[in-house]
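Welcome to a short set of exercises, each with a worked solution. Keep the sequence and the structure open beside you as you go.

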Amino acid sequence: MAFSEVCRICLNVNVRMLVLKKTSLQNLYKTLTNRFMDEDEEPIIVCFTCHARLIRCRRLQQQAIESNAVLEQFLAGGSTSIPKPHEARDEIQFTPICHIDIRPVECDVENDCKDEIFCLDSVKVEEDNFENETSKFEENENHDTGNNMVTETDDEVTVTPSTSEQRTLIGVTDKNFDEVIGDWMELNDNLSDCDMDTENEDYFFPVMTSRNATAEPATDTDMTLYEARVLETEDRRNDLAIRAIAPHDYYNFEWKRDKQTFIGRRENFTGTPGATFSITDQTSVVEIFYKMIDTDFIDRICTETNRYADQKIKLLKGQKEFVPTLRLHQWTPTDRDEMVSFLAITILQGIYPLPKEESYFSFNGFATMPYFRKIMSYNRFLLLKSLIHFVDNETITEPNKLCKIQMVTDYFNEKFSHLYYPSQEVVIDESLLKWHGRLGFAQKISSKAAQVGVKTYELCEASSGYLWKFLIYAGKEKTGTAPATATSDETNPTDTDERPDDTDTTEHVITGSSDVRPSNATAKIVYDLVEPLLHRGHTLIMDNFYNSPLLARCLKRQQTDSFGTLRLSREFVPDSLKTITKTQLRQGEVLASYCSDLSVIVWRDANLVSMLSTYHALQIGTRQKYDRLTYKPKVVLDYNKCMGGVDRKDQFLSAQPMERVRNKIWYKKVFRRLFNCAIFNCFILFKTANPNVSHRQFRTTLAEDLLKLHRHIDLTTEPRLVNLRTGLTKRSKTTTTSRPKVEHRHFPIKTGFKQSRCWLCARRKVAARTIWKCLECDKNLCINGCFIEYHT
């Protein structure tokens, strides 16, 4: 071993070395060792730990010189001010924890991974014993990412990486490494200048002061200080709203590292998922459509549309502006058949999107739609679109922000939940309808495709995306709200943190009564959506916008499981996990803490991911993607599988954009969106008995059948363009002919065999083979000659 590879102070090797020669620490080292450094002498090499100690020592020397000068000046009478003591440093203490290595070399992948779960009892446990109170962290930038670590923590436990012999090298490339080490050493007075015990480890890596969890939540990154404060205020207000309905015994969370403490089990599902009415393979799409959109609803729209048109005409006549040139001058009352035809056009517009609505009714080159004008004229379509209405303006006594669309939201909420019962897994998430116009309660969600628009809170089935219930967010109000409106009262988060003294809410919460629920915040949204499904064993999947330990416990006591992501800044989260940063964990390491009915799991992937569950213990599952086996906690795998219910619905709707991009009135665009969701729910119902039908095929068939029933337009009898070849030059001439009416089905189709004997040729005793036969006669015939001769 070369002498230059050994630290001249602690004799340590295989760590990063620094040169003292020609630096500011050279004189300090010369004073400490009481020796003279020759110019021709080999460079003095010290490890980065001793280098940091020298920096602290130099600062201590400078502080002593400054303090001595101040005291001499004070004693000499040159100053009357009492010298202030130097600011004390708080000690940073770390606690050793237990490491569980889940490296795949410990198991047979072909045999042990069939269930895609590694039980914690079958993995190797390594417990680190430290003699010092300060736990030392290490960092290895070149370690294999497959060496995942799982760790279970107690309430007073923080994180320390493993000190196994496989991770004994450190590679530090930060150019500010010396300053970082010096600042950290300055903050830790518990590291004295005495020799440190390094028999059980080759080095340690210091950790900077942990951040506040509210400034950087476990699943949110790149947040500004203002966003962090807003998020902290909202979390505090939401926690106060939940505590207002929870009894006092719900506040006791005894978090422990022992897995045996957790006794949570998944509830038994007692519901019957699927359609609530009989659906067979003979049920038509129109029958399901009229189950969802009944005639009373269509008649109500026709009545309100005719009333609104009369009111508008009367107003224009009173202002003497009702001139013959207005399109409204051509208005005639609408009826059920015309309104259904109008809805059928909106369905077809979603299947065949064009940038301008006028293009559907006029010549548009190769994109001409010749059949739309047969349904209704463009002027009539614009009249219906502009005058469609859902409520009588003169009967609105207490107007609110959703009064123009309230009838529609109430109707669809009732129909969606009445015609279908979801499976065990249900999802709550937000959906955003794009709206860039002026609207007081428009929201911005950067993670959504629309980014800006009308936000709805939706409860969907996790597997199919069926929209079961929804709430339209209409901003914060101080008055009562309608059932399909999500509002919240203004609450000062700094008013009080005291728990409510009223203990009479215990019976109401346990029984799931709708009379006692949060009056504001996200907990009210959760209860409004999931209340009809309580006490039936459902599993609710939520993201960190809704999830909290106290809310999960309240749902669990009402026989409803829940799991999802969690912000570590929420109330009742273990204190040891609130200060965890992703720099304290290697990629793949997991922390877990348990109480009797809840488990909190923090997993380090590219970022910190924290999960809360009522029945998931710490289990490691596998997932194979791109021929690579990856390891993730079981709760993360279940969350990724189930959480996409709302997004799945939005993906289906984005492929059929019935709501146009440009609309002058926001609630009419909301109606189109809800109608689009109703058609999607009809598709889910129809698919239960017809699993091979595609979404586009269902919509096309529905629009054609509605037009055939209410407009008497059958595309099979409409004229079409046919290319006819005439003359010796065989030039094509496009003419319009009527579709021929075929009474029989004598069409040639393939037999499915390469050598089938022709029926006519066999009678003639000719050895001929064919691959064609007649569909109606089921006879094998040669396509040239025999087929025509047999049928004439």
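**Exercise 1. A strand pair**

In β12, which residue is the bridge partner of Tyr457?

Before solving it, two notes on the source. This is a predicted model, in which local features need pLDDT of at least 70 and side-chain atom pairs count only at pLDDT 80 or more, while totals for chains, interfaces and linings use all residues. Residues are numbered from 1 along each chain as its sequence is written, and side-chain values use heavy atoms, with hydrogens and water left out.

Solution.
- Step 1: find the strands, β11 (452-461) and β12 (467-473). Helices (H or I, at least four residues) and strands (E, at least two) are DSSP runs, numbered from the N terminus.
- Step 2: look across from Tyr457, and Leu471 is its bridge partner in β12.
- Step 3: place that bridge among the 5 that join β11 to β12, which run antiparallel. Two strands pair if DSSP finds at least two bridges between them.
- Step 4: follow the hairpin through the 5 residues between the strands, where Gly465 takes a positive phi near 85 degrees.
- Step 5: check the cover of β12, where 7 of its 7 residues are buried. Buried means under 20% relative accessible area, exposed over 50%, and partly exposed in between (1.4 Å probe, protein chains only).

**Exercise 2. Two helices and their cover**

Work out which residues of α13 and of α1 are buried, and what they pack against.

Solution.
- Step 1: start with helix α13 (residues 521-530), which is mostly covered, with 10 of its 10 residues buried. Among them are Ala521, Lys524, Tyr527 and Asp528.
- Step 2: list the partners of these buried residues, which include α5 (225-243), β9 (425-434), β14 (539-542) and α14, as well as β11 and β12 from the exercise above. Contact here means heavy atoms within 4.5 Å.
- Step 3: turn to helix α1 (residues 26-33), where the buried residues are Gln26, Leu28 and Tyr29. Seen down the axis of α1, these fall within an arc of 160 degrees, so they line one face of the helix. The arc is that of the directions from the helix axis to the C-beta atoms.
- Step 4: see what covers that set, namely α2 (48-75).
- Step 5: step past the end of α1 to Asn34, whose phi is positive, near 55 degrees.

**Exercise 3. A lysine and a glutamine**

Is Lys556 buried or exposed, and what does its side chain reach?

Solution.
- Step 1: locate Lys556 in helix α14 (residues 549-556).
- Step 2: read its relative accessibility, 13%, which is why Lys556 counts as buried.
- Step 3: trace the side chain to the backbone oxygen of Arg265 at 2.6 Å. A polar contact with the side chain of Glu267 (3.3 Å) is also made. A polar contact is a pair of N or O atoms within 3.5 Å; within protein, one must be able to donate a hydrogen and the other to accept it, and residues adjacent in sequence count only if both atoms are side-chain atoms.
- Step 4: complete the surroundings of Lys556, leaving out residues up to four places away in sequence: Arg265, Glu267, Asp561 and Thr614.
- Step 5: follow Glu267 to Gln424, which touches Glu267 and also Arg266, Phe269, Gly537, His538 and Thr539, again not counting residues up to four places away. Gln424 sits in the loop between β8 (420-421) and β9, and is buried, with a relative accessible area of 16%.

**Exercise 4. Partners along the sequence**

How many residues apart in sequence are Val286 and Asp705, and Ile313 and Trp331?

Solution.
- Step 1: find Val286 in helix α6 (residues 285-292), buried at 13% relative accessibility.
- Step 2: Val286 and Asp705 are 419 residues apart in sequence, and 6.9 Å apart in space, C-alpha to C-alpha. Beyond four places in sequence, Val286 is in contact with Leu702, Asp705, Leu706 and Leu709.
- Step 3: find Ile313 in helix α7 (residues 295-318), buried at 12%.
- Step 4: Ile313 and Trp331 are 18 residues apart in sequence and 9.3 Å apart in space, C-alpha to C-alpha. Ile313 touches Phe322, Leu328 and Trp331, not counting residues up to four places away.

**Exercise 5. Confidence**

Where does pLDDT stay under 50?

Solution.
- Step 1: take the chain average, a pLDDT of 75, with 71% of the residues scoring at least 70. pLDDT is the predictor's confidence in each residue, from 0 to 100.
- Step 2: mark residues 87-175, for which the model has 204 contacts beyond four places in sequence.
- Step 3: mark residues 722-730, with 14 such contacts.
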